[in-house]
Every structure is written in structure tokens, then in C-alpha cells.
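Open the model in your viewer and keep the sequence panel beside it. The stops below say what to select next and what is there.

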Amino acid sequence: MAKIELIKVAHNYAPDLSPDNYALSECDITWENGGRYAVLGPSGCGKTTMLNIMSGLVAPSQGKILFDGLDVTNLGTSERNIAQVFQFPVIYNTMTVAQNLAFPLVCRNYPKIEIDKKVKQVANALDLEPLLSMRATSLTADQKQLISLGRGLVRENVSAILMDEPLTVIDPDLKFKLRRRLKELNQLYNSTLIYVTHDQNEAMTFADKIIVMNHGVIVQIGTPIELFERPATTHVAHFIGSPAMNLFDANICSDFAVEIGDSKFTVKSNLAHIKTDYLQLGFRSEFVKLASQGDENSFEIDVSRVEDFGNYQLISGFFGKKVVKAK
């Protein structure tokens, strides 16, 4: 495995574009050896571009890439020793499942006894053992994606395993199981896993650290709890959590208090250093409680909807013209 560093890396697919329109804006980021990361953001935000720059499929417009301190910016994919799993399965239909899993090791002239051992190990981890002798052409889409995933996991000494939305075609129950398996494999082999997704639930349940992107820019890097409780931008506040964070325009009225309309709210953050009177107050629906009239930091809403999700109810209502959601 390797420590991967992107230093002032940026990329534009059209040379005449201004930096404001780059697919990936200039960034500095370090992926520690053995880490488990998720790159999270909406479609078109630059996630795959970043992944392909690391793997060598795309040469960055600027900056350099280091693997364990070695500059690999001008090296090809094979020289970087990267395993990459794509969104849609890439397998050899004329081969059996076992031959597909073994192919990366056969190409590198591994001993047959070691190949057999690794194939059985990965097949067991992905529940592919009953299919090993079957031709890949007869398999379902999710089974084919499992094979593609297995080919990325079968090599132990790769610099990193890069996964570009690898569970898109897999059913939800199996997705949960596979994310758990990937975490177990990460701990077992100390493999560096970088997982690209637009699904916040996948990112939050898989990664130790999440890189949130929007419009080609890294907007925040943090643990799941940091992103949930302390979002750095309104984009992160909306993108992380279901429902999105409640956000209100507010005015500072003292070092530890703000006003929204005629209502006053005390806060734990010291606002003395803020240069403007205007800010936004955000709070998660999970942290809202039903209160008696007159309680501190309480306010009345006109309830418009109550949705029952089984393990909780979601209340929606109006506070002025703004919608408030409370779990």
C-alpha cells in the first residue's frame, strides 16, 4: 500500500477554460496508507476525474502526484500498481468466475498455488464460491460487479484500491453486506480504499474520512460525525443528513445569541469575532425536541405534515415562511 499525495493538482478537459470552470479545481490532499476514504458529491462534481488522475488514466493539467514520496505524475497506470473498480462491471465473458478473479495474478506470473488460495479467499469474502466454475456470461449484473470488485481485491500489494461507484447495480441488502465486507478486508490487509459515491449513506457507513466535493472543488474533509454536526458550508449542510439541515437567516444580537425574526436563540459558539451582523443558523432535525411554551430556545411552528417512518416520525411545519423539519 502507499501514501498518496495530490499536490496543487487541477484538471480541465478544454485548455481554453478559465480556472473557475475546471473539472477539478486546484487541491492538496493526502491519502494515508491503509485509510478508508469516500469521495462524496453530486454527479459532475469532479469525483471520477480525481480518481482517474490518481490511477493514471488522466494526466492532470497541473500539479503532481506522489506515491510514498515518489513522483508518479508521468507514469502509466500499470507502473502505479493501482487496482480500479468501475461503476459498471468489466469482466471477460468467455472465462469462468474463477478465471476472471485469477486474471490479475496470472498476468503477474503468480504461482498457481498462491493464485488458487487468493481466488478462494476473495470468492469466500464475496459469496462467489458456488459460482467459481460458471461462465461469466450467464451471470446477473450484480454478480458480474462482484467479480469486478473481486479482481480489485485479489492483489494484496497494490498501492490503493480505487472504486468508482462500484455498488450501483447491486441490490440494497447486498450493498450493506458488501460495505461491511470491504471494511473487514481493509482491516485485514491494511489496504488503502478510496470509494467514490453520490450516496451519502454509502459514504457515511463506509469511510473513516469523507471528502465532500461540489463543482470541482473540495468543500470539506472530515469524519462522518464532523460533517454531520459541523458542516463547513451550506452545501455540506444540505448534502449530508436526511432530511437536510434546517437553515435560517439570522442576525447577531450578542456574543452568544442570534435573532430570527422576533425570536431569540442562544448558541454555544462565541460570535464576537464575526465581522458581520448577518449569518445563518443551522440545526439538525434530530436535535429538535417538542417543548413547552416559553422554554429557552423554543419557537412555535404551524404543523403541515407528520410522516411515520416506523422507527421515528418526521414533523414538517412553518416557522414564518421557512419550513422546519423535526425527527
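Begin with Asn-297. At 34% relative accessibility, Asn-297 counts as partly exposed (buried means under 20% relative accessible area, exposed over 50%, partly exposed in between, with a 1.4 Å probe and protein chains only). Its phi is positive, about 60°, although Asn-297 is not a glycine. The residue lies in the loop between β14 (278-283) and β15 (302-308). Helices (H or I, at least four residues) and strands (E, at least two) are DSSP runs, numbered from the N terminus.

Before moving on, note the ground rules. This is a predicted model, in which local features need pLDDT of at least 70 and side-chain atom pairs count only at pLDDT 80 or more, while totals for chains, interfaces and linings use all residues. Residues are numbered from 1 along each chain as its sequence is written, and side-chain values use heavy atoms, with hydrogens and water left out.

**Backbone stops**

Most residues other than glycine have a negative phi, and most peptide bonds are trans.

Select His-215. Here too phi is positive, about 55°, and the residue is not a glycine. Look for His-215 in the loop between β9 (209-214) and β10 (217-222). Is His-215 buried or exposed? His-215 is exposed, with a relative accessible area of 63%.

Select Ser-242 and Pro-243 next. The peptide bond that joins Ser-242 to Pro-243 is cis, with omega near 5°. Pro-243 sits in the loop between α9 (234-239) and β11 (246-254).

**The sheet with β11**

Stay with β11 and show its neighbours. An open sheet of four strands runs in the order β13-β12-β11-β14, with antiparallel pairing. Two strands pair if DSSP finds at least two bridges between them. β13 (263-266) and β14 are the edge strands, each pairing on one side only. On average, neighbouring strands of this sheet are turned by 45° against each other, direction ignored. Axes here are lines fitted to C-alpha atoms, for helices over the stretch in contact, and angles run from 0 to 180 degrees between N-to-C directions.

Zoom in on β11 and β14. How many bridges join β11 to β14? Six bridges join these antiparallel strands. For one pair to label, take Asn-251, whose bridge partner in β14 is Tyr-278.

**Strand β1 and its partners**

Go back towards the start of the numbering and select β1 (residues 4-11). Six of its eight residues are buried, so β1 is mostly covered.

Add β4 (residues 62-67), which pairs with β1 in the antiparallel sense over five bridges. Ile-7 has Lys-64 as its bridge partner in β4. Then add β2 (residues 24-31), which is joined to β1 by five bridges and runs antiparallel to it. Val-9 stands opposite Cys-27 in β2.

**Helix α1**

Select α1 (residues 47-55). Eight of its nine residues are buried, so the helix is largely enclosed by the rest of the structure. Which residues of α1 are buried? They are Lys-47, Thr-49, Met-50, Leu-51, Asn-52, Ile-53, Met-54 and Ser-55. Step one residue on: Gly-56 follows α1, and its phi is positive, near 100°.

**Strand β7 between β6 and β8**

Select β7 (residues 160-164). Five of its five residues are buried, so this strand is largely enclosed by the rest of the structure. Ala-160, Leu-162 and Asp-164 point one way from β7, Ile-161 and Met-163 point the other way, and all are buried.

Show β6 (residues 82-85), which pairs with β7 in the parallel sense over four bridges. Val-85 stands opposite Met-163. Now show β8 (residues 193-197), joined to β7 by four bridges and also parallel to it. The bridge partner of Asp-164 in β8 is Val-196.

**Helices α3 and α5**

Finish with α3 (residues 97-107) and α5 (residues 141-153). Their axes come within 7 Å and cross at roughly 30°. The two helices are therefore roughly parallel to each other (angles under 35 degrees count as roughly parallel, over 145 as roughly antiparallel, 65 to 115 as roughly perpendicular and the rest as oblique).

Show the side chains. Val-97, Asn-100, Leu-101, Phe-103 and Pro-104 of α3 make the contact with Ile-147, Gly-150 and Arg-151 of α5 (contact means heavy atoms within 4.5 Å).
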